[in-house]
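Here are a few notes from going through this one. Have the structure open beside you as you read.

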Amino acid sequence: MTIRPGLHISSTCFQVGGRHFTLSAIENVHTRQAGHDPLTRRAGAMAVVGMVLLGAFAPLLQPTGIVAAVAVLSGLAVLTLVSARRRPRRLELWADYHGHPTQLFVSDDWWLFHAVERYLRRSLVEARLGHLTLPRPRPSRGVPHPSNMHPSRLTPGGSRAGWERAA
């Protein structure tokens, strides 16, 4: 199955760009989250250091200096929160490939990452156990379609809905 161009999962191989991984050599698939974006980390660190400095030097500052410092620190805190929301942590798919820990796939798109992970895990199971074809149960009749519910076509009794179609 090709999820996106350059991203293909088959019954024997997992391809990401120009890298190919044979499914028979992949073991111990797990996920990790990378660290926060550098902008988020730096803004958060600057806000924390600024709060410590403001706490230490507040008795020496004029009231206008305290107000200005609080405004700057508030801006840094807002930048940290917005950056953490807009620049999500990257999700990484790792596995042991030929006995060595290997990063198979990285994405910051939550939906795409979990779709790739699901398809890879399904392909790994099918590669190890073989494709299992189980008989599907027949769907049970639910509520009849409204076009079949005209009173002239219904007779009382018998079915789940309490009405059956007249023959």
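1. Start with the Arg19 side chain: one of its polar atoms sits 2.5 Å from the backbone oxygen of Gln103. Bear in mind that this is a predicted model.

2. Gln103 isn't alone there. Leaving out residues up to four places away in sequence, Arg19 also touches Phe14, Thr102 and Leu104. As for the backbone, Arg19 belongs to strand S4, which covers residues 19-22. Its C-alpha atom is 9.7 Å from that of Leu7, a residue 12 positions away along the chain.

3. Is Arg19 buried or exposed? Neither, quite: Arg19 counts as partly exposed because its relative accessibility is 39%, and the buried class ends at 20% while the exposed one begins over 50%.

4. Two backbone spots deserve a look. Asn28 isn't a glycine, yet its phi is positive, about 55 degrees; this residue is placed in strand S5, residues 26-33. His98 also has a positive phi, near 55 degrees, and is likewise not a glycine.

5. His98 is found in a loop, with strand S6 (91-97) on one side and strand S7 (100-107) on the other. With a relative accessible area of 55%, His98 is exposed.

6. Finally, the annotation. The unreviewed UniProt entry lists residues 43-60 and 66-84 under "transmembrane region". In the model, residues 43-60 are 83% helix and 0% strand, with the end C-alpha atoms 25 Å apart. Residues 66-84 come out as 100% helix and 0% strand, and there the end C-alpha atoms are separated by 27 Å.

Methods: Residues are numbered from 1 along each chain as its sequence is written. This is a predicted model: local features need pLDDT of at least 70, side-chain atom pairs count only at pLDDT 80 or more; totals for chains, interfaces and linings use all residues. Side-chain values use heavy atoms; hydrogens and water are left out. UniProt positions are given in the numbering used here, feature names are shortened, and annotations may be inferred rather than shown by experiment. Helices (H or I, at least four residues) and strands (E, at least two) are DSSP runs, numbered from the N terminus. Buried means under 20% relative accessible area, exposed over 50%, partly exposed in between (1.4 Å probe, protein chains only). Contact means heavy atoms within 4.5 Å. A polar contact is a pair of N or O atoms within 3.5 Å; within protein, one must be able to donate a hydrogen and the other to accept it, and residues adjacent in sequence count only if both atoms are side-chain atoms.
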